[in-house]
Every structure is written in C-alpha cells, then in structure tokens.
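Visitor: Please pick one part of this structure and take me through it slowly. I'd like to see how the pieces around it fit in, too.

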Amino acid sequence: MEIPRLMSTQHPDNVTTPFFAKENVLSGEDEVLEAYYTYSHLGMGEQMWDIEGKEVDNFVVQKLLTKFPQFFRRNRLGRDSLLTLRVPNPDVEKTEAKILLEALESISRNFDIARAFYDDSTPPIFEVILPMTASAASLNRVYHYYRDFVAGKGDKYFFEGDIKISDWIGELKPETINVIPLIEDKEGMLNAHHIVEEYLKDKQVDRQRVFLARSDPAMNYGLVSAVLLNKIALQNLWNLAEKLAVEIPPIIGVGSNPFRGNFKPTNVHNCLWEYPSVQTFTAQSAFKYDYTTGEVARAVEEINARKRTHPRYIGLDRSLEIIERYSAEYTTEIKLLAPMVNKMARYVPSRRKRKLHIGLFGYSRSIEDVSLPRAITFCAALYSVGLPPELLGLSALKKKDVEYFDDVYVNFREDLRDALRFYNPEVLDLLPGNLPDKIRDSLQELDYDTNEAHKQITSRMISDLKKDRVQNLEKDILEAAYHRKFLG
C-alpha cells in the first residue's frame, strides 16, 4: 500500500466555514462529513481522526460506511482511504490518559464493522499517532497495551474451566497496530532517529512512519529553529532508514501561514522543494476551506504527482549554533509580548469544538513562567495586530546565517515576504522595551509588499488596544483573517 502524500487534519486554522457544516464551530457530525469530503472531493488519501483534547465521534467508521456505501465500496477504508487516530499521551496528558484506552478498544470494534461491510479482514484503522513522543518506551506502551491487553485478552479465560473471552465476544482484530511517534520538541527532534531505532529493535517491519511537528517547534523556539530542527530530523531519519533497510516515510505537520509551514494551495511547489524527503504533508482546515475548490484540487494533484527524494543536506554543528542563538532571542521577545498576545487571544473565535491541547510551551523550562495559547491562536493574535510572528528573533541572525539558508532553508526569504505583507508598523507603538528597535533593524534588509486592506483593519485593532476597547476585536480579527486566508 502506498502511503498518502496528504493527510487531512482537524486543526482549526480556517476562516471560512465549509459548506457542509451546520455552524461556524465544527462538531462531531460535521467532522464525519469532512472525512468523506476529504476522500471523495479533495482526493486526499488520509484523514487524521483527532481524539486528543476534543469531543469526538467514536462511531466514525460505521457512519462513513453506512452514509456513503457506494463510495467506500469503490475506495476501501483502510487501504484506499486511511483513517488514522491521534490519541492522548498518558505520559503528558494525565487527565485524558484513559481516553487512550477507549480509543485502542474501539479499533477492534471498528474492525468488526468493516468486516461485516466488506466481508474480509482488512482493518479500517491500523495506525495511531502518539503526540509529544519523547521515548521509545512511550511508543512501546501503546503498542504492547493494544497487542497484549486489547487484542491479546481474547485468548484469556474468564475463570478456570470456562470459555475464552473471544468465544464470548468474537475474535479481536487486528492483532497488532502501528504506532506513529509525533515528535514536537527540540530534544525529540534531535533524537528522533534514536527513538525510532530503539522502538524498532524488536519488531520485524518493512515500514515505520514518523510524524514531525512544525507548529509547536515554531511556537517554542521560533520560525528558523523549527525549520532547522525538522531538517536535522529528516536527515537523520533518512540515514536510519538506509542503515536498517526499513522504509521511514516522514509526515510533517504544516499549516497555512509561514510561521507554521506556509503550506497552502498556492505555495505547495515551494514546500515540496523545501522538504523533498517528506512523504506526507498535513492539509489543515485553512488549506481545505479558505481557497477555491479548484485551487485545492490543483494543489492536491501537484503533490500527488511528485515523489519524495533524499533530504537536503544540513550541517549539524552550524545549525545548532544558529538555533541556540536565535531561539534565545526569540524567547526574550516572547516574554515581552506575552501580555498582549494573551489579551488578544481571548477574542480569537473558535472553529472546532475542542479543548486546547496542552502544548509543549507549558512544559518548557526555558520559558520559565510565561503562559501562552496554542500555536493557531498565538499566530492569530499577533497577525491581528500587524506583527507576524516570523519577525520575532530575526535580530539574532547574522548576514552569514542568511547566506547559509540559501542552501538549507531555501524559502527563507520567500516565507518572510509572504508574512510581511501583513506587517503594520503602527504596532511598534504597542511593543515594550527595545523590541521596536530590534524589529526596525531587522526590516532594513527585507523587501516586501503590504496588503493595504489588512493593514487598515489591523490599524483599527491597534487603535482599540491603545484605548482598551475590546468590543469589536472578534469581528475585526475575523475580517483581517479573511484577507490572509487563514485564522492563525
């Protein structure tokens, strides 16, 4: 089976409400329709079903097969159309730990539903994504819990002299599942290959997918650090695949704005060029709904037509030196901006019925006591006052760093130009300390155009913040986002 080039996700970064949704905030039934729409109309081969941090429909397989039987008879769920669960990580998300167990139990139930529909034994769900993976042990806990305590309990007797559990409720299939690590922090990125190698040492597999985050590393360490960390991880995973003779097709979690990946229908060529070894790109909500169907279809066609190749070479020592210097400056600036970001974040509208994921920012010792919203809301807050987060930390870069990016982070200048269309110099009046001077200095070497309509709206919000007027902020945040074609 060929791994899809695109994985549709439920990240709520969209401005436009999809036509099939009952209201602006998507709920469980809407997300079932979204999965079908993703497969049937957008031509994406995979839908991530996010059980982490939100209300979720646990009967998605049954609903898809019963509502759209003709489509799924032609497009086999679990073969032609993949449904991949993103589950909570009990190592980190203690309050949602038992939801993981419920999700794993649902896999065999969904197997029974699909077997009745197709009359064969191909599982509709056979992979789960474990967020915030930091060790092979956490992956093995999920793998072994499913194998030994979900599928494995079928061979156990109720009590001495009685029948097996499988004699009572039927066999529990599939017998094993694949666990995909989602790696989100700096230490994990730098050690991704070690984590995967340790996990695979006692398993006979031909393929192991690995999911690299792009938004949370940007949130935690800044744009440049996020790109370099991903490049290091991709290079190490490529080398590991050759060493083990195991296919390791990476997934990268990219969003529509440059800070979160600049993966939008009008920029897929650049992203394919930036990350040539990535197999699967995430198509988040803004990608799917804030562009015309034709634009999305053309982008999907281009992505599906391209094959992954070897990664771009990246020098480890030089990149690490840049990351340390740049992320230190980024952190200093974030601490200054936190009060303004948190104030604006209260007025960023929701697009999904979900609790916020915990996020790594809250765990990062280097940030000390600074608390911030998740990446989408964070970006929406800063863009809405005309301060693209791509500007943060730039003052730490030297001319030779930017020259280095020509071969390593090849779209650096283009990403900044895209972001700076939404910069409004009036925001400097809101910024504390020496931050205005740092941003002015960083802008001196940059060439960019301005989206005047967006600037007009952000000027209105800047004026309101100066006067502590908040009644129009939510409306203006949405209006500005329509011009950007992403919320955050």
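Guide: Let's begin with a word we'll need: a residue is exposed at over 50% relative accessible area, buried at under 20%, and partly exposed in between (1.4 Å probe, protein chains only). This is a predicted model, where local features need pLDDT of at least 70 and side-chain atom pairs 80 or more, while totals for chains, interfaces and linings use all residues. Numbering starts from 1 along each chain as its sequence is written, and side-chain values use heavy atoms, without hydrogens or water.

Now go to Phe159, in the loop between helix 5 (136-151) and helix 6 (165-169); helices (H or I, at least four residues) and strands (E, at least two) are DSSP runs numbered from the N terminus. Phe159 counts as exposed because its relative accessible area is 54%.

Next, follow the chain past helix 6, into the loop that leads to strand 5 (178-183), and you'll meet Pro174. The peptide bond joining Lys173 to Pro174 is cis, and its omega is near -5°.

Then head back to the other side of helix 5, where Met132 sits in the loop after strand 4 (127-130). Met132 has a phi near 55°, which is positive even though this residue isn't glycine. Unlike exposed Phe159, Met132 is buried, because its relative accessibility is just 8%.

For another positive phi, try Asn262, a non-glycine residue with a value near 60°. You'll find Asn262 in the loop between strand 7 (250-253) and helix 11 (268-274). Asn262 counts as buried too, because its relative accessibility is 0%.
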